[in-house]
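Biologist: Could you take one helix of this model and walk me through it closely, with its neighbours and its place in the whole? I would like one connected account rather than a list.

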Amino acid sequence: MVFHRLAPNIGGEILTEALIALSVFLVLVTWVIMNRNHRTTLPSAALFGLTLATAVLVKGSLSFLPPLFVGYIALQVLRKGRYRLSVLTTTLLAFLLPVIAYSVYATHANGSFVLLSQQGRSVLLAKAIPKKLVAMFGTKTAVLIGIALLFAATAFATCLVRGRAPRRLIVLLSLVAVAGLVIGTSSPQLRALVVVFAFGPGLLLFTLACLNRCFRRRVSALWTSPGWVAVTFVITNFVLVAIVVFGDPRFLAPARFVLLLAASFLLIRLAEALGLPVGGALTLEEDGHFREIF
Amino acid sequence: MPGRSKIEFWEICIAAVLALIYGYSVFSDLSIPDTAFFVGDTWEYQSIALNFASGEGFKFGGLLPFEAYHFYSANPEYYDRFMDIGAAGGEPSTFRTPGYPFVLATIYRIFGVSPRTAIRI
């Protein structure tokens with residue numbers, strides 16, 4: 001509904017965006033079903049894996065969802081958390097079987113190896129933000145810069161999330177960021193760096209970390225609660241897509257309803273921080289229960 | 001708990017009714033043309049879906065008469081290329097992921113070829 005209201009022109013054409021929005025919705029719904037009880041059932045895990053497969057078969061721009069979700073489940077298995085190894089195996093098999101089956105057919109039809117589709121090869125970095133960086137520095141240097149920035153952002157965000165970052169460091173890094181933006185306006189190379197960093201995963205991690213600090217760690221559910229992790233993963237998927245493939249608003253439109261969920265969460269936390277009463281259907285729990293989310 | 005299940009059932013019912021009312025309000029006042037663009041992504045999805053629904057395989061190109069595709073216009077720049085590909089037997093569609101053409105083909109098989117119906121669904 002949110003997608004159609006905010007992007008009626010896109011939804012009113014024979015284009016994939018409406019189906020992408022539906023796929024994202026179904027991924028969230030099956031994730032909720034999978035995590036509804038404390039003990040995850042194997043049929044619900046299979047349903048979720050199948051939905052992930054359907055999502056990537058609908059559009060390659062959802063390809064980051066499976067590794068994020070499966071990685072999360074694997075991490076929980078390793079930590080002996082809420083998922084068993086059989087849940088991970090079932091999800092993975094249900095996801096891989098349709099994808100492999102179609103890829104075999106596509107490879108046979110095409111005569112050369114095809115994983116899902118060939119579109120990824122042609123659009124990789126085609127309209128993405130780092131393209132300018134590649135043009136300025138060359139591919140190898142640009143990739144190294146990107147990895148270094150991502151590493152730095154991750155380290156910084158981890159530091160903040162765990163509450164170990166001293167305030168002086170935050171002030172210093174904020175000043176560096178502002179200086180970068182100011183200097184960047186006069187230097188094309190620095191501008192490209194700032195743009196990549198600002199619109200990249202760094203922004204997401206930085207935002208999460210800062211929100212957590214601002215809300216006195218009340219938003220940690222975004223990466224600790226299985227329910228909110230799903231919302232974070234969908235947003236992360238589209239951020240990553242903007243980095244490596246497309247940054248156009250059209251391709252981000254299907255994720256808008258998920259942003260609305262994240263915004264509602266932050267508003268509730270803000271209200272709580274201000275001491276305002278918060279209740280009703282959107283009261284949230286951080287112990288992994290889901291039905292309160294929607 | 002039985003009570004809890006009942007509440008969830010009614011929650012779903014209310015959500016479904018609201019969704020229907022919303023869907024009707026959105027699409028009843030939109031004048032959606034019953035044609036598809038003959039450019040960009042749309043001509044690929046539309047032709048692959050129709051070719052698949054017609055039993056011609058998961059292929060791109062004018063394998064059917066041009067009018068069958070319900071395209072908005074026959075841009076001369078694309079028309080010749082499109083029909084030439086069709087005359088050569090069509091291109092196996094491995095460039096794009098199959099989900100959307102497959103859903104379109106299913107809709108066309110059930111409701112007949114109508115881009116407007118596909119968009120509304």
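Modeller: What follows is a close look at helix α4 of chain A, working outwards from the helix to its neighbours and then to the second chain. Please keep in mind throughout that this is a predicted model.

To set the scene, chain A contains 16 helices and zero strands, and of its 294 residues 37% count as buried. When contacts in chain A between residues at least 6 apart in sequence are considered, 66% of them join residues that are at least 24 apart.

Helix α4(A) covers residues 42–58, which makes 17 residues. From its first C-alpha to its last it reaches 24 Å, close to the 24 Å expected at 1.5 Å a residue. Of these 17 residues 13 are buried, and α4(A) is therefore largely enclosed by the rest of the structure.

One of the neighbours of α4(A) is helix α3 of chain A, residues 17–34, and the axes of these two helices come within 9 Å and cross at roughly 165°. An angle over 145 degrees counts as roughly antiparallel, and α3(A) and α4(A) are therefore roughly antiparallel to each other. The crossing in which α3(A) passes α4(A) is left-handed. On the α3(A) side, the residues that meet α4(A) are L19(A), I20(A), S23(A), L26(A), V27(A), T30(A), W31(A), I33(A) and M34(A). On the α4(A) side, their partners are S44(A), A45(A), L47(A), F48(A), T51(A), L52(A), T54(A), A55(A) and V58(A). Divided by class, this contact of α3(A) with α4(A) has 13 nonpolar, five polar and no charged residues. As background to the spacing in such lists, an α-helix has 3.6 residues a turn, so residues three or four places apart point the same way.

One residue of that contact deserves a separate look, namely M34(A), whose place is in helix α3 of chain A. M34(A) is buried, because 26 other C-beta atoms lie within 10 Å, where 20 or more are required. Leaving aside residues up to four places away in sequence, M34(A) touches T40(A), S44(A), A45(A) and F48(A). As a gauge of distance across the chain, the C-alpha atoms of M34(A) and V239(A) are separated by 25 Å, the two residues being 205 residues apart along the chain.

Another neighbour of α4(A) is helix α5 of chain A, residues 65–78, and here the axes come within 10 Å and cross at roughly 160°. By the cut-off already used for α3(A), α4(A) and α5(A) are therefore roughly antiparallel to each other as well. The crossing of α4(A) and α5(A) is left-handed. In this contact L52(A), A55(A) and V56(A) of α4(A) meet L65(A), P66(A) and F69(A) of α5(A), and the residues divide into six nonpolar, no polar and no charged. L52(A) and A55(A) take part in this contact with α5(A), and L52(A) and A55(A) are also listed in the contact with α3(A).

Turning to the second chain, 22 residues of chain A are in contact with 23 residues of chain B. The elements that give two or more residues to the side of chain A that touches chain B are α4 and α6 (85–110) of chain A. Of these, α6(A) gives the most, with four residues. By class, the residues on this side of chain A divide into 11 nonpolar, nine polar and two charged.

A residue that links α6(A) to this picture is A106(A), which lies in helix α6 of chain A. A106(A) counts as buried, because 23 C-beta neighbours lie inside 10 Å. Not counting residues up to four places away in sequence, A106(A) touches V114(A) and, across to the other chain, T94(B). Measured against the helix we began with only in the sense of computed distance, A106(A) and T54(A) are 16 Å apart in space, C-alpha to C-alpha, and 52 residues apart in sequence.

As for the partner itself, chain B has five helices and two strands, and from the N terminus on its elements run α-α-β-α-β-α-α. Of the 121 residues of chain B, 31% count as buried.

Methods: Residues numbered from 1 in each chain as written. Chains lettered and ligands numbered in written order. Predicted model: local features only at pLDDT ≥ 70, side-chain atom pairs only at ≥ 80, totals over all residues. Expected span 1.5 Å × (residues − 1). Buried ≥ 20, exposed ≤ 12 C-beta atoms within 10 Å, placed from the backbone. Contact = placed C-beta atoms within 7 Å. Nonpolar A, V, L, I, M, F, W, Y, C, P; charged D, E, K, R; others polar. Axes fitted to C-alpha atoms, helices over the stretch in contact; angles between N-to-C directions. Parallel < 35°, antiparallel > 145°, perpendicular 65-115°, else oblique. Left-handed = near helix turned anticlockwise from the far one by under 90°.
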